[in-house]
Amino acid sequence: MRIGELARATGTTARALRHYEQAGMISSERASNGYRVYDERAVVRVRNIRHLLAAGLTLDDVRVFLPCLDGDVVAAPPSGRGLRVALERLAVLNQRIAAQTEARDRLETALRRATGGRIAQ
């Protein structure tokens, strides 16, 4: 299938697919006209990549899961390395959320002081 067909089948964009390919996550062959051609297995692989990205992992994190991206990533038992990567990413996300919450609280306090307690939202 060509890149547009793969994009439609996986709910992504051709640009994202080219990015995944450049990152070594998927591969294609070139047709005689230069178009990228993907096999049917790419659909499962891209869906798994998108699932892991949607869960908060980065593309670098997803590299750990390369050996199992062609199967059912959701139902497969997690590897120790995969769990470590996911836990590390969760810690990073929690730190970012805490920092953003603190910034929001400081801003809200400053606005309450500046407006006499009235904040329009």
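**Arg45, the nonpolar core and the salt bridges**

Arg45 touches Met25, Ile26, Leu66, Leu69 and Asp70, leaving aside residues up to four places away in sequence. The model described here is a predicted one. Arg45 belongs to helix α3, and at a relative accessible area of 14% this arginine counts as buried, because the cut-off for burial is under 20%. The points below take up the core, the salt bridges, helix α5 and a residue of helix α2.

**Nonpolar core**

- The largest nonpolar core has 23 residues, and the members that touch the most other members are Leu17, Tyr20, Met25, Ile49 and Leu69.
- Two or more residues of this core come from each of the helices α1 (3-10), α2 (14-22), α3 (41-54) and α4 (59-62), and it is α3 that gives the most, with five residues.
- Met25, one of the core members with the most contacts inside the core, touches Tyr20, Arg45, Ile49, Leu59, Val62, Arg63, Leu66 and Leu69 when residues up to four places away in sequence are not counted.
- Leu66 and Leu69 are among the residues that Met25 touches, and both are also on the list of contacts of Arg45.
- As a general background to such a core, nonpolar side chains in soluble globular proteins tend to be buried together.

**Salt bridges**

- A search of the whole structure finds eight salt bridges, of which the pairs described here include one that involves Arg45.
- Side chains of opposite charge can pair when their charged atoms come close.
- Asp70 forms a salt bridge with Arg45, and the closest N and O atoms of the two are 2.8 Å apart. This pair links distant parts of the chain, since Asp70 sits in the loop between α4 and α5 (80-115) while Arg45 sits in helix α3, 25 residues apart.
- The two partners of that bridge are described by separate accessibility values: Asp70 counts as partly exposed at 45% relative accessibility, whereas Arg45 is buried at 14%.
- The side chains of Arg89 and Asp61 meet in a further salt bridge, with an N to O distance of 2.6 Å. Arg89 lies in helix α5 and Asp61 in helix α4, so this pair ties together parts that are 28 residues apart in sequence.
- Both Arg89 and Asp61 are buried.
- Arg41 and Asp39 also meet through their side chains in a salt bridge, at 2.6 Å from N to O; here Arg41 counts as exposed, at 59% relative accessibility, and Asp39 as partly exposed, at 37%.

**Helix α5**

- Helix α5 has 36 residues, which should span 52 Å at 1.5 Å a residue, and the C-alpha atoms at its ends are 52 Å apart, in agreement with that expectation.
- Gly82, Val85 and Arg89 are buried in α5, and the buried residues of this helix pack against α4.
- An α-helix has 3.6 residues a turn, so residues three or four places apart point the same way.
- The residue that follows α5 is Gly116, whose phi is positive, near 70°.

**Ala16 in helix α2**

- Ala16 is found in helix α2 and is buried, with a relative accessible area of 17%.
- Ala16 and Ile3 are separated by 13 residues in sequence, and their C-alpha atoms are 10 Å apart in space.

Conventions
Residues numbered from 1 in each chain as written. Predicted model: local features only at pLDDT ≥ 70, side-chain atom pairs only at ≥ 80, totals over all residues. Heavy atoms only, no water. Core = buried A, V, L, I, M, F, W, Y, C linked by side-chain atoms within 4.5 Å. Buried < 20%, exposed > 50% of the residue type's maximum accessible area, 1.4 Å probe, protein only. Helix = DSSP H or I, 4+ residues; strand = E, 2+ residues; numbered from the N terminus. Contact = heavy atoms within 4.5 Å. Salt bridge = Lys/Arg side-chain N within 4 Å of Asp/Glu carboxyl O. Expected span 1.5 Å × (residues − 1).
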